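The following note sets out several points for a colleague who is beginning to read protein structures. Please keep the sequence and the model in view while reading.

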Amino acid sequence: DRDKFINEINKNNIPEMSRNEQGNIRYDYFLPLNNNNELLLIEEWQNKECVDKHKAAAHFVLLQEIKAKYVTEVKFE
């Protein structure tokens, strides 16, 4: 359920912690009006090193655990 996912990531301050990481340019979630089960995350980083550090952060690991409970499909573009 999208709302439960959003509530849990916000409760754990995951978006805020990601935005505050060194090298983060953008980390924003968007909710489509015509589909209650989708969300879009747009994130932008200065370079691959910053992305690698982000993926090693404790809040990123927690995000993966939360995603395992709620997310059924992920697409990268």
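**Notes on the predicted model**

1. A nonpolar patch of about 230 Å² lies on the surface, and Phe30, Leu40 and Ile42 make it. The model is a predicted one. Of these residues, Phe30 belongs to strand S1, which covers residues 24–30. Phe30 has a relative accessible area of 37%, so it is classed as partly exposed, because that class lies between the limits of 20% and 50%.

2. The interior may be considered next. The largest nonpolar core holds seven residues: Phe5, Ile6, Ile9, Ile14, Tyr27, Leu63 and Ile66. At least two of the core residues come from helix H1 (2–11), and at least two from helix H4 (58–70). H1 makes the greatest contribution, with three residues. Within this core, Ile66 touches Phe5, Ile9 and Ile14, and it also touches Glu8 and Asn12, when residues up to four places away in sequence are not counted.

3. Aromatic rings deserve a separate point. The number of aromatic pairs is three. In one of them, the ring centres of Phe5 and Tyr70 are 6.4 Å apart and the planes stand at 70°; the pair is therefore edge-to-face, since an angle over 60 degrees is required for that class. This pair links distant parts of the chain, as Phe5 is in helix H1 and Tyr70 is in helix H4, 65 residues apart. Phe5 is buried, with a relative accessible area of 5%, whereas Tyr70 is partly exposed at 25%.

4. Tyr27 and Tyr29 form another edge-to-face pair, because their planes are at 80° and their ring centres are 5.6 Å apart. Tyr27 is buried, at 1% relative accessibility, while Tyr29 is partly exposed, with a relative accessible area of 22%. Phe5, Tyr27, Tyr29 and Tyr70 are joined into a cluster by ring pairs.

5. Which residue forms a salt bridge with Glu8? The partner is Lys69, and the closest N and O atoms are 2.8 Å apart. In general, side chains of opposite charge can pair when their charged atoms come close. This salt bridge also links distant parts of the chain, with Lys69 in helix H4 and Glu8 in helix H1, 61 residues apart. Lys69 is exposed, at 54% relative accessibility, but Glu8 is buried, at 14%.

6. Five salt bridges are counted in the model. One of them joins the side chains of Arg19 and Asp28, at 3.9 Å from N to O. Arg19 is partly exposed, at 38% relative accessible area, and Asp28 is partly exposed, at 25%. Another salt bridge joins Lys53 to Glu49, with 3.5 Å between the closest N and O atoms. Lys53 and Glu49 are about one helical turn apart, because they are four residues from each other in helix H3. Both Lys53 and Glu49 are exposed. Arg19, Arg26 and Asp28 are joined into one network by salt bridges that share partners.

7. Is His54, in helix H3 (residues 48–56), buried or exposed? His54 is buried, because its relative accessible area is 2% and the limit for this class is under 20%. Apart from neighbours within four places in sequence, His54 is in contact with residues including Tyr27, Trp45 and Phe60.

8. A final point concerns the backbone. Asn13 has a positive phi, near 60°, although it is not a glycine. Most residues other than glycine have a negative phi. Asn13 is placed in the loop between H1 and helix H2 (14–19), and it is partly exposed, with a relative accessible area of 38%.

Terms used. Residues numbered from 1 in each chain as written. Heavy atoms only, no water. Patch = residues over 30% accessible without salt bridge, like charges linked within 9 Å, V, L, I, M, F, W, Y side chains within 5 Å. Areas by Shrake-Rupley, 256 points an atom, 1.4 Å probe, with all protein chains shown as cover. Salt bridge = Lys/Arg side-chain N within 4 Å of Asp/Glu carboxyl O. Buried < 20%, exposed > 50% of the residue type's maximum accessible area, 1.4 Å probe, protein only. Core = buried A, V, L, I, M, F, W, Y, C linked by side-chain atoms within 4.5 Å. Contact = heavy atoms within 4.5 Å. Phe/Tyr/Trp six-rings, centres within 6.5 Å; stacked < 30°, edge-to-face > 60°.
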